[in-house]
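Visitor: I have a model open and would like to learn how to read it. Where do we begin?

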Amino acid sequence: MLGKIHLLEGDLDKAIEIYKKAVEFSPENTELLTTLGLLYLQLGIYQKAFEHLGNALTYDPTNYKAILAAGSMMQTHGDFDVALTKYRVVACAVPESPPLWNNIGMCFFGKKKYVAAISCLKRANYLAPFDWKILYNLGLVHLTMQQYASAFHFLSAAINFQPKMGELYMLLAVALTNLEDIENAKRAYAEAVHLDKCNPLVNLNYAVLLYNQGEKKNALAQYQEMEKKVNLLKDNSSVEFDSEMVEMAQKLGAALQVGEALVWTKPVKDPKSKHRTTSTSKPASFQQPLGSNQALGQAMSSAAAYRTLPSGAGGTSQFTKPPSLPLEPEPAMESSPTETSEQIREK
């Protein structure tokens, strides 16, 4: 109970310490081992997470919570076929689990089987209609398939449940741009910039849109803001910038006459976030248009990381600040947040 209290307060470190002591007294308790594994998974400490989840499965090979967690780890690292094999086992035990169908859907998304992904995600949405993460993923898949009206529908619904997440507004702006609603796309980008102080892709996409609309001064301001965020990321952590994103930033820098290699000199590998996706934009009146790097960011399981902890505990997402949704009696695991960003084309 003490561990659960720390989880409800959002203090994962203290919760882990409590559960570690509990495991010392009861090393064969699969519930404690699974919970501890989920906590390490939420913090991105995959080795320890795999160790504790493996111990839980050693004592109880049918523990569907541990199996779902192990599958989500494999999915996170791009091993979608093995993850789907794990999920088949879980489906026999909990066939109506929203996180399960969400993760299956994102596995198909990673395998580029978009129709199957939408089918699974819509089943997850039917089972959990108020889960913003599932709505996020549905919007992401529809954007990938260039079904912009459907993407707008699901992203708008996700924003109603998670109004403080900048990345949702960025994706909404991508959909609006392709629906040729430029004014509302600008408003969505402005809100995304206001809410998201870390992701340089928001500023890059916004700058490209402004440039293609002939607003070079405002585009330059967004480009400079992007540079600040990139430098901050490079100073504080190792980050891998996708080559297409780097190329687009260099083209935009050249178009704005601020140089081509001010920021994107030495990309460094980051295991957590890979940003990709490109698109083409409609031309502005007197200049050749740039394609906008419509990166969709980390496609979070249930939208970024479907992390729910057992027995009513709450937690926070590794990639976003808002806390996870309150837990259901059934488990909820993270899907493949990092490897599922796909390419979108902006008209």
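**Reading the model**

Guide: Start with one residue: tyrosine 206 counts as buried, at 12% relative accessibility. Keep in mind that this is a predicted model.

Visitor: Which ring does tyrosine 206 pair with?

Guide: Look at ring centres and ring planes. The structure holds three aromatic pairs. Phenylalanine 109 and tyrosine 114 form one of them, a tilted pair with 5.7 Å centre to centre and 55° between the planes. Tyrosine 206 pairs with tyrosine 189: the centres are 5.3 Å apart and the planes are at 15°, so this pair is stacked.

Visitor: Which parts does the pair of tyrosine 189 and tyrosine 206 tie together?

Guide: Tyrosine 189 sits in helix α12 (residues 182-195) and tyrosine 206 in helix α13, so the pair links parts that are 17 residues apart in sequence. Tyrosine 189 is buried, with a relative accessible area of 0%.

Visitor: And the tilted pair: are phenylalanine 109 and tyrosine 114 buried or exposed?

Guide: The cut-off for buried is under 20% relative accessible area. Phenylalanine 109 has 0%, so it is buried. Tyrosine 114 has 19%, so it is buried as well.

Visitor: Step back. How many helices and strands are there?

Guide: The protein has 16 helices and zero strands. Of its 347 residues, 56% are buried. Now take contacts with a separation of 6 or more: residues 24 or more positions apart account for 64% of them.

Visitor: Where does UniProt place the TPR repeats?

Guide: The UniProt record, an unreviewed entry, places "repeat: TPR" at residues 1-29, 30-63 and 132-165. Check such a span against the coordinates. Residues 30-63 are 79% helix and 0% strand, with end C-alpha atoms 8 Å apart. Residues 132-165 are 79% helix and 0% strand, with end C-alpha atoms 11 Å apart.

Visitor: Now a single helix. What span is expected for α4?

Guide: Compare its ends with the rise per residue. Helix α4 (residues 46-59) has 14 residues, and 20 Å is expected at 1.5 Å a residue. From first C-alpha to last, α4 reaches 20 Å.

Visitor: Which residues of α4 are buried?

Guide: Ala49, His52, Leu53 and Ala56 are buried in α4. They cover an arc of only 95° around the axis, so they lie on the same side of α4. Cover for these buried residues includes α3 (30-42) and α5 (64-76). The face turned away from the buried side carries Gln47 and Thr58, both exposed.

Visitor: Let me try α15. What should its span be?

Guide: Helix α15 (residues 243-255) has 13 residues, which should span 18 Å at 1.5 Å a residue. Its end C-alpha atoms are 18 Å apart, so the two values agree. The buried residues in α15 are Met245, Val246, Met248, Ala249, Leu252 and Gly253. They cover an arc of only 165° around the axis, which puts them on the same side of α15. Their cover includes α13 (200-212) and α14 (216-236). After α15 comes glutamine 257, whose phi is positive, near 60°.

Visitor: Last, the cysteines. How many disulfides does the structure hold?

Guide: A disulfide is a covalent bond between the sulfur atoms of two cysteines. Here there are zero.

Visitor: Why is cysteine 107 not bonded to cysteine 120?

Guide: Distance decides, and the cut-off is within 2.5 Å. The sulfur of cysteine 107 is 9.4 Å from the closest cysteine sulfur, in cysteine 120, so it is too far for a bond. Cysteine 107 is buried, at 0% relative accessible area. Cysteine 92, at 69% relative accessibility, counts as exposed.

Definitions and conventions:
Residues numbered from 1 in each chain as written. Predicted model: local features only at pLDDT ≥ 70, side-chain atom pairs only at ≥ 80, totals over all residues. Heavy atoms only, no water. Buried < 20%, exposed > 50% of the residue type's maximum accessible area, 1.4 Å probe, protein only. UniProt positions renumbered as here; feature names shortened; annotations may be inferred. Helix = DSSP H or I, 4+ residues; strand = E, 2+ residues; numbered from the N terminus. Expected span 1.5 Å × (residues − 1). Arc of directions from axis to C-beta. Contact = heavy atoms within 4.5 Å. Phe/Tyr/Trp six-rings, centres within 6.5 Å; stacked < 30°, edge-to-face > 60°.
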